[in-house]
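Biologist: I should like to learn how the features of a model are to be read. May we proceed from a single residue outwards to the whole chain?

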Amino acid sequence: MYWNKSQHVKKIKTRILQCDKGVVTAEFALALPAVILVSVLCIGGFRYVSASTQCYDIASIAGRSMAISDDFVAVNNSIREQYGSRIQMQVQSSANSHKITVSCPVVSEALHTIVPTRVESTVVVPNNA
């Protein structure tokens with residue numbers, strides 16, 4: 001009797017296919033949560049950087065406005081009107097400067113366990129006196 005290569009290859013293929021049932025499913029079950037976690041962290045990080053940059057821009061606009069007008073109520077109303085009511089602004093005035101701290105939301109309150117919910121930016125401007 002001679003050796004039949006095609007039958008031998010078929011037997012090996014069927015053994016491999018029978019032994020590896022469920023391996024792909026197990027790998028997928030382990031890899032998918034890791035991919036989702038990395039994606040959520042990357043998107044959260046990008047959103048954090050974007051919100052931080054926007055918060056710094058708002059603080060610099062508020063600082064320029066305070067340097068010109070010295071009217072905290074008008075500047076605060078203007079900032080809230082342009083950027084939304086979730087922006088919080090505090091001003092500490094001294095004899096020769098204003099320290100303006102702006103707090104901006106990063107994401108909705110539902111995701112506060114994954115990424116920080118607010119970022120702060122502080123600007124100091126000279127007083128208009």
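**From one loop residue to the whole chain**

Modeller: Let us start with Ile 87, which lies in the loop between H3 and E1. Please keep in mind that this is a predicted model.

Biologist: Is Ile 87 buried or exposed?

Modeller: The general idea is a cut-off: a residue is buried under 20% relative accessible area and exposed over 50%. Ile 87 has a relative accessible area of 6%, so Ile 87 is buried.

Biologist: Which residues is Ile 87 in contact with, leaving aside its neighbours within four places in sequence?

Modeller: Its contacts are Ile 58, Ile 79, Arg 80, Val 102, Ser 103, Cys 104, Pro 105 and Arg 118. Two of these partners face each other, since Pro 105 stands opposite Arg 118 in E3. A separation in sequence can also be set beside one in space: Ile 87 and Cys 55 are 32 residues apart in sequence, with their C-alpha atoms 8.7 Å apart.

Biologist: How is the length of helix H3 to be checked?

Modeller: One takes a rise of 1.5 Å a residue and compares the expected span with the distance between the end C-alpha atoms. Helix H3 covers residues 72-83, and these twelve residues should span 16 Å; the end C-alpha atoms are 16 Å apart, in agreement.

Biologist: Which residues of H3 are buried?

Modeller: Val 75, Asn 76 and Ile 79 are the buried ones in H3. They lie on the same side of H3, because the arc they cover around the axis is only 100°. The general idea is that an α-helix has 3.6 residues a turn, so residues three or four places apart point the same way. On the face of H3 turned away from the buried side are the exposed residues Val 73 and Glu 81.

Biologist: What follows just after H3?

Modeller: Gly 84 comes there, with a positive phi of about 105°.

Biologist: How do the strands pair?

Modeller: Strand E1 (residues 88-93) pairs with E2 in the antiparallel sense over six bridges. The two form a hairpin, with three residues between them, and Ser 93 stands opposite His 98 in E2. Strand E2 (residues 97-105) is also antiparallel to E3, to which nine bridges join it. In that pairing, Ile 100 stands opposite Val 123 in E3.

Biologist: How many of the nine residues of E2 are buried?

Modeller: Eight of them are buried, so E2 is largely enclosed by the rest of the structure.

Biologist: Which residues form the covered face of E3, and which the uncovered one?

Modeller: In strand E3 (residues 118-126), the covered face consists of Val 119, Ser 121, Val 123 and Val 125. The uncovered face carries Arg 118, Glu 120, Thr 122, Val 124 and Pro 126.

Biologist: What is to be said of Cys 42 and Cys 55?

Modeller: Cys 42 has 40% relative accessibility and therefore counts as partly exposed. Cys 55, with a relative accessible area of 1%, is buried. With sulfur atoms required to lie within 2.5 Å of each other, the count of disulfides is zero.

Biologist: What pattern does the protein chain follow along the sequence?

Modeller: The chain has three helices and three strands, in the pattern α-α-α-β-β-β. Of its 129 residues, 22% count as buried. The accessible surface comes to about 9,500 Å², and 61% of that belongs to carbon and sulfur atoms. Finally, among contacts between residues at least 6 apart in sequence, 49% join residues at least 24 apart.

How values were computed
Residues are numbered from 1 along each chain as its sequence is written. This is a predicted model: local features need pLDDT of at least 70, side-chain atom pairs count only at pLDDT 80 or more; totals for chains, interfaces and linings use all residues. Side-chain values use heavy atoms; hydrogens and water are left out. Helices (H or I, at least four residues) and strands (E, at least two) are DSSP runs, numbered from the N terminus. The expected span of a helix is 1.5 Å times one less than its number of residues. Buried means under 20% relative accessible area, exposed over 50%, partly exposed in between (1.4 Å probe, protein chains only). The arc is that of the directions from the helix axis to the C-beta atoms. Contact means heavy atoms within 4.5 Å. Accessible areas come from the Shrake-Rupley method with a 1.4 Å probe; for residues, only the protein chains shown count as cover. Two strands pair if DSSP finds at least two bridges between them.
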